[in-house]
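Grab a pencil and let's work through a few exercises together. Try each task yourself before you read the solution.

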Amino acid sequence: MKGFFAGTHRTVAPEVTLARVRPLMPVLGITRIANVTGLDTIGLPVVMVTRPNAKSLSVAQGKGATLAAAQASGLMEAVESHHAENITLPLKLASYKQLGFGHRLIDVAELPRYAQGSFHGDQRTLWIEGVDLQDGGPRWLPFALVHTDFTLPLPPGSGTFLMSSSGLASGNHLLEAMCHGLCELIERDAVTLWRVLPLEARRATRVDLDTVDDALCRDVLERYARAGIAVTVWDATSDIGVATFHAIIVDREPNPQRRIGPMGGMGCHPSRSIALLRALTEAAQSRLTIIAGARDDVFTQQLAPDTYLQALHRSHDEATAPGPRASFAATPSQDHERFEDDLGWILERLQSRGLTEAVAVNLTKPELGVPVVRVVVPGLEALNDLPGYCPGRRARALLDRRTPGVA
C-alpha cells in the first residue's frame, strides 16, 4: 500500500527513508548531502550527494517539494549508482547463439544501440539474468545494459548497446522501485518521440499553465514567477498513455553577470500532477547543476553574450508563439492505492503498444536492505541526446512520416 502522497507516491514519508538510509552512507561511500538550494533564486529544494570514489558519477542530484524530499531523492539516486557499480550477481560469458540454446534471452534486436556499434550472434559478451515482469519468466540480457561501472577497461561485449542509468531505480519497496524504473524508461521514450515531431506538432502540445489545478504544481509555478523565470511546459505523453511532461525554464530578463541558458526537466507518472511536478522540479535541479558546477558529466563554458541572448530569445519566442494551448486536464491520469496496481496498469499500457517484454534485474544487496532494480524494456527509445544514440523502431517510424525539410 502507498502511505505517502505529497508530491510523490511512496510507501513511507521521505523522513522515514532518510532515517533508514543515512546510517548506510559510509558503506556506500557517500561523504555528504549538500543543500545547494540557496545558490539559485528560485527556492525549490535541491541537494547534491557526493561519492568521491564512484565508478560512474561522483555527484548525484536530488529535488523535491520539500528539503526532506530532495534529500531522500538525492540519497536514493546515489544508492542506485552504488548498487549498479558493484554488481555481484552471477554472470555468463557467451555468444548470443551459445546462450540461446538453453536460456530465454531478451529481444536484442529491440535494445538501444550505439550508432557505431555492431552486434552479431557469435560475439561473446557478458549476460545477466532478470525476470520478465510481463510473464514472470527468466530472461537473460546483456550485462552492459545493467551495470554502471564505467571504469576502464570495460567488460567484454561493451560498445554495442547504449549504456546509461535509464531504468535504474530504488525505493522503500521493490514494487515502488520497479514502477519508478518503468516510468523513467517511458519518460525517455516519450520525450525522444516528442522531439522527433515537426515544430508545429510540438507547439500544439504546449500546456496552458492557467489550467493546472494541482496545489503543489501551482506553488512551484508561483515560485518561478517570483524569481523572474518564464516556464514553458509541453505534454509529451506518448501513445503508451502514461502522463509525461517536458518543461523549459529561462530567465525573463538577461543577466550578463550570470549567463544561464534555458534549462529543462522531464517527468512521468501515472498521476499527471506528479508527472508535472517532477518536470518542474527537475528543471530547477538542472539550473543548479550548472550553477554548482560540481557534477562530473557536465562540461560547460560560459555562454558568449550573443549565444546567451540568442538562446533566451528562442526560448521566449517559443513560449509566446501564437497557437492553442492544451488543457492540463486533457493529460491522462491514474491514481491507485497500491504499487502493484500501478505496475499492472503500466505493463498493460506497454502491452497495448506491442512492447511485450519488461525485464527487471533485482540488484538489492541483502546486507544493505535497500530495494534497487534495473528495468529494461526492449523497443522503448533511449534519450536522443545521449552520445552515440541511434534511433530505434519507434523513432524511425515517426521520422519516415515526416515531410522532407520540415523542422
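**Exercise 1: Leu174**

At 25% relative accessibility, Leu174 lands in the partly exposed class. Keep in mind that you're looking at a predicted model.

Task: Work out why Leu174 gets that class, then find where it sits and what it touches.

Solution:
- Step 1. Buried means under 20% and exposed means over 50%, with partly exposed in between.
- Step 2. Leu174 has 25% relative accessibility, so it counts as partly exposed.
- Step 3. Now place it: Leu174 belongs to helix α5, which covers residues 174–196.
- Step 4. Skip the neighbours within four places in sequence, and Leu174 has contacts with Asn362, Thr364, Pro371, Val372 and Val373.
- Step 5. For a pair that is far apart, take Leu174 and Pro322: they are 148 residues apart along the chain, and their C-alpha atoms are separated by 45 Å.

**Exercise 2: Ser238 and Leu152**

Task: Decide whether Ser238 and Leu152 are buried or exposed.

Solution:
- Step 1. Ser238 has a relative accessible area of 14%; the cut-off for buried is under 20%, so Ser238 is buried.
- Step 2. You'll find Ser238 in the loop between β8 (229–235) and β9 (244–251).
- Step 3. Ser238 touches Asp189, Ala190, Leu193 and Arg394, if you leave out residues up to four places away in sequence.
- Step 4. Look at one of these partners: Asp189 is 49 residues from Ser238 in sequence, yet 8.0 Å from it in space, C-alpha to C-alpha.
- Step 5. Over to Leu152: its relative accessibility is 72%, and exposed means over 50%, so Leu152 is exposed.
- Step 6. Leu152 lies in the loop between β6 (138–142) and β7 (168–170). Together with Phe150 and Leu154, Leu152 makes a nonpolar surface patch of about 300 Å².

**Exercise 3: Arg272**

Task: Find the nearest side chain of opposite charge to Arg272, and check for a salt bridge.

Solution:
- Step 1. Arg272 is in helix α8 (residues 272–292), and it is buried.
- Step 2. The nearest side chain of opposite charge is Asp213, 5.4 Å away.
- Step 3. A salt bridge needs the charged atoms within 4 Å, and Arg272 has none.
- Step 4. Among the residues that Arg272 does touch are Phe245, Phe328 and Pro332.

**Exercise 4: The whole chain**

Task: Is the chain compact or extended for its length?

Solution:
- Step 1. Start with the parts: the chain has 11 helices and 12 strands.
- Step 2. Its radius of gyration is 21 Å, close to the 22 Å from the globule rule for 407 residues, so the chain is as compact as a globular protein of that length.
- Step 3. Buried residues make up 53% of the 407.

Technical notes. Residues numbered from 1 in each chain as written. Predicted model: local features only at pLDDT ≥ 70, side-chain atom pairs only at ≥ 80, totals over all residues. Heavy atoms only, no water. Helix = DSSP H or I, 4+ residues; strand = E, 2+ residues; numbered from the N terminus. Buried < 20%, exposed > 50% of the residue type's maximum accessible area, 1.4 Å probe, protein only. Contact = heavy atoms within 4.5 Å. Patch = residues over 30% accessible without salt bridge, like charges linked within 9 Å, V, L, I, M, F, W, Y side chains within 5 Å. Areas by Shrake-Rupley, 256 points an atom, 1.4 Å probe, with all protein chains shown as cover. Lys, Arg positive; Asp, Glu negative; His and termini not counted. Rg over C-alpha atoms; globule rule 2.2 N^0.38 Å.
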